[in-house]
Amino acid sequence: HSLIAAVLCVCDAVKFGQLCKGNPTNSRRTSDSWGQGHYGAGRGTRQHQGLDIVCSDGSTVYAPFDVTLNGNVKVYTDPNKTTINNGINLSGEGLCFKLFYVLPDRTSGTVRKGQRIGTMLPMQRVYPGITSHIHVQMCDKSDPARYFL
């Protein structure tokens, strides 16, 4: 029975490795003139459904663990935001999640932990003065914070 318990708890032990070059600890966007980066933060009439991890425009984005690339994600319908309207759908370690504001190198196949998956898009062009970041959103829209240290 202990094996079953260990298998059921394995997802609690999953932690994201480094997502962005220059941010080895996955430090989070806190508060800036555009708002806050935590899950559940207010966004006008809606709530923020992800967690923002600090990443400088143009930085290399890495696979946080071994992942499968499951296609491109469009973030917005607003044509004024096409500059940063890209992301990738990923799965790995029993999790399904999306990374927004990333231009993926490719959108299918597998990538090992720590390998490059793309480039941080130029967020400052759309949101001048914001803390540039990758938005991490779970496919079920649950809070991703528990997967970060």
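This dialogue goes through the sheets, the nonpolar core, the aromatic pairs and two loop residues of the structure above.

Me: What kind of model is this, and how are the residues numbered?

Reply: This is a predicted model, in which local features need pLDDT of at least 70 and side-chain atom pairs count only at pLDDT 80 or more, while totals for chains, interfaces and linings use all residues. Residues are numbered from 1 along each chain as its sequence is written, and side-chain values use heavy atoms, with hydrogens and water left out.

Me: How should I read a sheet, and in what order do the strands of the 6-stranded open sheet stand?

Reply: Helices (H or I, at least four residues) and strands (E, at least two) are DSSP runs numbered from the N terminus, and two strands pair if DSSP finds at least two bridges between them. Here, 6 strands form an open sheet with antiparallel pairing, in the order E5-E13-E9-E8-E7-E11. Strand E5 (51-54) and strand E11 (108-111) stand at the edges with a single partner strand each, so one side of each is left without a neighbour in the sheet. From one strand to the next the twist averages 30 degrees, where axes are lines fitted to C-alpha atoms (for helices over the stretch in contact) and angles run from 0 to 180 degrees between N-to-C directions.

Me: Which residues stand opposite Thr68 and Val67 in E11?

Reply: Strand E7 (residues 67-73) is joined to E11 by 4 bridges, and the two run antiparallel. In E11, Thr110 stands opposite Thr68, and Val111 stands opposite Val67. E7 also pairs with E8 in the antiparallel sense, over 4 bridges, and the bridge partner of Thr68 in E8 is Ser91.

Me: What is the order of the open sheet of 3 strands?

Reply: That sheet has the order E6-E12-E10, again with antiparallel pairing. Strand E6 (60-62) and strand E10 (102-104) stand at its edges, and each has a single partner strand, so one side of each is left without a neighbour in the sheet. The twist in this sheet averages 40 degrees from one strand to the next. E10 and E12 run antiparallel and are joined by 3 bridges, with Val102 standing opposite Met120 in E12.

Me: How is a nonpolar core defined, and which residues of the largest one touch the most other members?

Reply: A nonpolar core is a set of buried Ala, Val, Leu, Ile, Met, Phe, Trp, Tyr and Cys residues joined through side-chain atoms within 4.5 Å; buried means under 20% relative accessible area, exposed over 50%, and partly exposed in between (1.4 Å probe, protein chains only). The largest core has 37 residues, of which Phe16, Phe97, Leu99 and Ile134 touch the most other members. Two or more residues come from each of E5, E7, strand E8 (87-92), strand E9 (95-100), strand E12 (116-120) and strand E13 (133-138), and E9 gives the most, with 4 residues. Contact means heavy atoms within 4.5 Å, and, not counting residues up to four places away in sequence, the residues touched by Leu99 include Leu19, Val61, Ile88, Ile117 and Ile134.

Me: How is an aromatic pair described, and how many are found here?

Reply: A pair of aromatic rings is described by the distance of the centres and the angle of the planes. Rings of Phe, Tyr and Trp (its six-membered ring) pair if their centres lie within 6.5 Å, and planes under 30 degrees apart count as stacked, over 60 as edge-to-face and the rest as tilted. A search of the whole structure finds 7 aromatic pairs. One of them, between Phe16 and Phe97, is edge-to-face, with 4.9 Å from centre to centre and 65 degrees between the planes. Phe16 lies in the loop between helix H1 (2-13) and strand E1 (31-32) and Phe97 in strand E9, so the pair ties together parts that are 81 residues apart in sequence. Phe16 is buried at a relative accessible area of 6%, and Phe97 is buried at 0%. Phe16, Phe65, Phe97 and Phe148 form one aromatic cluster.

Me: Are the loop residues Cys20 and Gln115 buried or partly exposed?

Reply: Cys20, in the loop between H1 and E1, is buried, with a relative accessible area of 0%. Leaving aside neighbours within four places in sequence, Cys20 is in contact with residues including Val54, Cys55, Tyr62 and Ile134. Gln115, in the loop between E11 and E12, counts as partly exposed at 40% relative accessibility. With the same neighbours left aside, Gln115 is in contact with Val61, Tyr62 and Ala63; Gln115 and Tyr62 are 53 residues apart in sequence and 5.3 Å apart in space, C-alpha to C-alpha.
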